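Work through the exercises below with the sequence and the 3D view side by side, and try each task before you read its solution.

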Amino acid sequence: MDTDVTLCKVEDVPDGGMKHFEIMGYDILVVRLADRFFCVDAACTYKWAMLQDGRVDPDNLLVICKDCNGSWDLETGQPRDAPAKFPLTSYRAEAVGDDLIVTFTY
Ligand code: FES
């Protein structure tokens, strides 16, 4: 079952930046690259560092852990560079008017 949640206003996430949200028991990270939004779990799957403290590689669509440089694909949540090993859950995120909508699947 899919549930659409209005997370915030589009303008709340700066272009090229990321923002952490806690919602419905989920820790999620939203990344904005121009008009594209990506949403993945916020905690790394290696040592649970919070990925909002890391950085984004906009050319390769990666989020990179600040502690160990592990990286994940922003579109799929799949690990790209070690020590990242397990995937992050990825969620659909899209702008609808001024609102940023994230879809949770149960
Ligand atoms: S500590 Fe988790 S990937 Fe770096």
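The exercises that follow concern a predicted model, and each one is solved step by step.

**Exercise 1. Find which residues have the most contacts inside the largest nonpolar core, and which strand gives the most to this core.**

Solution. Begin with the core itself, which has 18 residues, and note that those with the most contacts inside it are L29, V31, L51, V63 and W72. Next turn to the strands, where β3 (26-33) and β4 (36-41) each supply at least two residues of this core. Of the strands, β3 gives the most, with 3 residues. Then select V63 and look at what surrounds it: leaving out residues up to four places away in sequence, V63 touches M18, L29, L51, R55, G70, S71, W72, L74 and L88. Finally, look for another core that lies apart from this one, which has 16 residues, including L7, C8, I28 and L100.

**Exercise 2. Decide whether T103 is buried or exposed, and find which side chain it joins in a polar contact.**

Solution. First locate T103, which is found in strand β10 (residues 99-105). The relative accessibility of T103 is 6%, and because buried means under 20%, T103 counts as buried. Now examine its side chain, which is joined to the side chain of D4 by a polar contact of 2.7 Å. To complete the picture, set aside the neighbours within four places in sequence; T103 is then in contact with D2, T3, D4, Y91 and R92.

**Exercise 3. Identify the residues that make the nonpolar surface patch of about 380 Å², and classify M1 and M24 by their relative accessible area.**

Solution. The patch is made by M1, M24 and Y106. Take M1, which lies in the segment before β1 (2-9); its relative accessible area is 69%, and since exposed means over 50%, M1 is exposed. Continue with M24, which lies in the loop between β2 (18-23) and β3, and which is partly exposed with a relative accessible area of 43%.

**Exercise 4. Examine the backbone at M24, A34 and P83, and state what phi or omega is found there.**

Solution. Start with M24, whose phi is near 50 degrees, a positive value in a residue other than glycine. Move on to A34, in the loop between β3 and β4, where phi is again positive, at about 60 degrees, although A34 is not a glycine. A34 is partly exposed, with a relative accessible area of 42%. Last, go to P83 in the loop between β8 (79-81) and β9 (90-96), where the peptide bond from A82 to P83 is cis, with omega near 5 degrees.

Technical notes: Residues numbered from 1 in each chain as written. Predicted model: local features only at pLDDT ≥ 70, side-chain atom pairs only at ≥ 80, totals over all residues. Heavy atoms only, no water. Core = buried A, V, L, I, M, F, W, Y, C linked by side-chain atoms within 4.5 Å. Buried < 20%, exposed > 50% of the residue type's maximum accessible area, 1.4 Å probe, protein only. Helix = DSSP H or I, 4+ residues; strand = E, 2+ residues; numbered from the N terminus. Contact = heavy atoms within 4.5 Å. Polar contact = N/O pair within 3.5 Å; in protein donor to acceptor, adjacent residues only side chain to side chain. Patch = residues over 30% accessible without salt bridge, like charges linked within 9 Å, V, L, I, M, F, W, Y side chains within 5 Å. Areas by Shrake-Rupley, 256 points an atom, 1.4 Å probe, with all protein chains shown as cover. Salt bridge = Lys/Arg side-chain N within 4 Å of Asp/Glu carboxyl O.
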